[in-house]
Amino acid sequence: MRISDSFGGGLHPVPVVTFSTAGRGNCVTVAGMPYVYARTAQGAFVMPARCPHRGGPLHLARIGPNGRQLVCPWHERGVSLSRLRQEVPAVRRGDLVTAVFAGAFDTGAEPQVEYRPLSPDLSIC
């Protein structure tokens with residue numbers, strides 16, 4: 001679903017996507033960027049599955065020793081959990097999460113749901 005500009009002011013459509021919190025369909029790709037639903041001791045949130053530094057598999061990251069960062073498995077660079085938790089507004093209901101991808105501009109491609117494994121640090125129940 002996309003929320004469009006009903007007032008005709010030229011705003012970009014905003015993708016709103018519902019996908020699974022775990023298992024098959026736990027990842028959605030919007031405007032070429034994959035996102036997953038992560039559960040940590042610090043809370044649950046939707047986050048990019050790629051590292052912002054080099055595009056590594058952030059969905060396979062571990063939580064750093066200070067408990068405030070995810071450490072990319074490719075290059076050991078830390079990404080702030082606090083920043084990640086605020087990046088994508090989302091609401092969970094049961095086994096589904098609905099997220100609003102306000103920064104994802106329309107590329108003509110519809111969001112795609114797929115599967116990505118999560119590291120144990122990102123799938124705390």
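Which residue in β7 is the bridge partner of R62? Keep that one in mind while we get our bearings. What you have in front of you is a predicted model, so let's treat the walk below as a tour of that prediction.

Start with the sheet that R62 takes us to. This open sheet has three strands, in the order β6-β7-β8, and the pairing is antiparallel. The edge positions go to β6 (62-63) and β8 (78-80); each has a single partner strand, so one side of each is left without a neighbour in the sheet. Look at β6 alongside strand β7 (residues 69-71): the two run antiparallel and are joined by two bridges. And here is the residue we were after: the bridge partner of R62 in β7 is V71.

Now follow the chain onward from β7. In the loop between β7 and β8 you'll come across E76. E76 isn't a glycine, yet its phi is positive, at about 65 degrees. Is E76 buried, exposed or partly exposed? With a relative accessibility of 49%, E76 counts as partly exposed, because the exposed class begins over 50%.

There's another open sheet to visit, this one with four strands. Reading across, the order is β5-β4-β3-β11, again with antiparallel pairing. Here β5 (43-48) and β11 (112-114) are the edge strands, and since each has a single partner strand, one side of each is left without a neighbour in the sheet. From one strand to the next, the twist averages 25 degrees. Zoom in on strand β4 (residues 33-40) and you'll find that β4 pairs with β5 in the antiparallel sense over six bridges. For an example of who faces whom, take R39: its bridge partner in β5 is A44.

Just before β4 there's a spot worth a pause. A31 is in the loop between β3 (27-30) and β4. Like E76, A31 has a positive phi without being a glycine: the phi of A31 is near 50 degrees, and that of E76 is about 65 degrees. A31 is partly exposed, with a relative accessible area of 37%.

Next, stay with β4 and find Y35. How many aromatic pairs does the structure hold? There is one, formed by Y35 and F101, and it is tilted: the rings are 4.7 Å apart centre to centre, with 50 degrees between the planes. The pair links distant parts of the chain, as Y35 belongs to strand β4 while F101 is in the loop between β10 (96-100) and β11, 66 residues apart. Both Y35 and F101 are buried.

Y35 also leads us to the last stop, the largest pocket. Rolling a probe the size of a water molecule over the atoms shows where empty space is left. The largest pocket has a volume of about 210 Å³. It is lined by 18 residues, and Y35 is one of the closest to its centre, along with M33, P48, E87 and V88. Two elements, β4 and α1 (81-87), give two or more residues to this lining. Which element provides the largest share? That's α1, with three residues. As for its chemical make-up, the lining divides into 14 nonpolar residues, one polar and three charged.

Notes:
Residues numbered from 1 in each chain as written. Predicted model: local features only at pLDDT ≥ 70, side-chain atom pairs only at ≥ 80, totals over all residues. Heavy atoms only, no water. Pairing = 2+ DSSP bridges. Axes fitted to C-alpha atoms, helices over the stretch in contact; angles between N-to-C directions. 1 Å grid on protein atoms, 1.4 Å probe; cavity = no way out; pocket = protein on both sides within 12 Å on 5 of 7 lines; lining within 4 Å. Points joined across faces, edges and corners; volume = space filled by probe spheres on them. Nonpolar A, V, L, I, M, F, W, Y, C, P; charged D, E, K, R; others polar. Phe/Tyr/Trp six-rings, centres within 6.5 Å; stacked < 30°, edge-to-face > 60°. Buried < 20%, exposed > 50% of the residue type's maximum accessible area, 1.4 Å probe, protein only.
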